[in-house]
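Thank you all for making the time this morning. I would like to walk through one model with you, and I will begin with a loop before turning to the interior.

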Amino acid sequence: MNETFEPQILAYCCKYCAYAAADLAGSMRLNYPSNIKVIQVPCSGRVDILHLLTAIERGADGVYVAGCMEGECHFVEGNLKTRRKVESVQRTLQELGIEPERVQMFNLSSAMGPRFAEIASEMTEKIRELGPTPVKS
């Protein structure tokens with residue numbers, strides 16, 4: 001594998017918790033990989049299966065959704081619905097012969113800036129191990 005491979009990863013982050021955690025990580029000047037492209041969404045529940053599959057189809061090496069802590073969603077069940085969507089996408093990728101680990105879901109509170117940075121690093125390392133996406137855009 002090419003040692004200069006730098007994965008392209010999309011992170012859909014809910015406005016109230018995960019995006020706030022990303023902002024806190026930046027305010028704390030924590031280092032995390034610059035290959036994470038953060039997309040703010042009003043609620044993780046707004047992330048659709050098509051968003052996840054389209055990201056992979058268009059060449060993202062990995063995608064993750066970061067929402068509120070389970071049971072603490074500002075929109076009641078948005079993060080629970082999205083967890084089921086992520087699991088559905090993982091099953092679909094498995095059926096297509098693509099590593100399901102390329103799509104993940106995480107739960108964060110707004111005070112978890114250090115954890116946001118850890119997740120970004122962990123996801124980057126996992127995708128580096130898997131290599132570039134097998135989907136050619």
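Val 76 sits in the loop between S3 and helix H3 (78-95), where helices (H or I, at least four residues) and strands (E, at least two) are DSSP runs, numbered from the N terminus. Before I go further, please keep in mind that this is a predicted model, in which local features need pLDDT of at least 70 and side-chain atom pairs count only at pLDDT 80 or more, while totals for chains, interfaces and linings use all residues. Residues are numbered from 1 along each chain as its sequence is written, and side-chain values use heavy atoms, with hydrogens and water left out.

Back to Val 76, then: its phi is near 70 degrees, a positive value in a residue other than glycine. Val 76 counts as exposed because its relative accessibility is 63%; here buried means under 20% relative accessible area, exposed over 50%, and partly exposed in between, with a 1.4 Å probe and protein chains only. Arg 29 also has a positive phi without being glycine, near 60 degrees, and it lies in the loop between H1 and strand S2 (36-41). With 75% relative accessibility, Arg 29 counts as exposed.

The loop that holds Val 76 also takes part in an aromatic pair. The structure holds three such pairs, and the rule is that rings of Phe, Tyr and Trp (its six-membered ring) pair if their centres lie within 6.5 Å, with planes under 30 degrees apart counted as stacked, over 60 as edge-to-face and the rest as tilted. Tyr 16 and Phe 75 make a tilted pair, at 6.1 Å centre to centre and with 55 degrees between the planes. This pair links distant parts of the chain, since Tyr 16 belongs to the loop between S1 and H1 and Phe 75 to the loop between S3 and H3, 59 residues apart. Both rings are partly exposed, Tyr 16 with a relative accessible area of 37% and Phe 75 with 48%.

Tyr 32 and Phe 116 have ring centres 5.3 Å apart and planes at 85 degrees, so this pair is edge-to-face. Again distant parts of the chain are linked, with Tyr 32 in the loop between H1 and S2 and Phe 116 in helix H4, 84 residues apart. How accessible are the two partners? Tyr 32 counts as partly exposed at 28% relative accessibility, whereas Phe 116 is buried at 0%.

Phe 116 brings us to the interior. Leaving aside residues up to four places away in sequence, Phe 116 touches Cys 13, Ala 18, Ala 21, Ala 22, Ala 25, Tyr 32, Val 38, Tyr 64 and Leu 108, contact meaning heavy atoms within 4.5 Å. In the largest nonpolar core, which has 21 residues, Tyr 64, Leu 108 and Phe 116 touch the most other members; such a core is a set of buried Ala, Val, Leu, Ile, Met, Phe, Trp, Tyr and Cys residues joined through side-chain atoms within 4.5 Å. Strand S1 (9-14), helix H1 (18-27), strand S3 (62-67) and helix H4 (113-130) each supply at least two residues of this core, and H4 gives the most, with five. A second, separate core of 16 residues includes Tyr 12, Val 86, Val 89 and Leu 93.

Let me turn to helix H2, residues 49-57, where Leu 52, Ala 55 and Ile 56 are buried. These three lie on the same side of H2, because they cover an arc of only 95 degrees around the axis, the arc being that of the directions from the helix axis to the C-beta atoms. On the other side of H2, Leu 50 and Glu 57 are exposed. Among what covers the buried residues of H2 are S1, S3, H3 and strand S4 (103-107).

My last residue is Asn 79, in helix H3, which is buried with a relative accessible area of 1%. What does its side chain reach at 2.9 Å? That partner is the backbone oxygen of Cys 68.

Finally, the record: UniProt, in an unreviewed entry, places the feature "domain: F420-non-reducing hydrogenase iron-sulfur subunit D" at residues 9-131. In the model, the end C-alpha atoms of that span lie 12 Å apart, and the span is 45% helix and 19% strand.

Key
UniProt positions renumbered as here; feature names shortened; annotations may be inferred. Polar contact = N/O pair within 3.5 Å; in protein donor to acceptor, adjacent residues only side chain to side chain.
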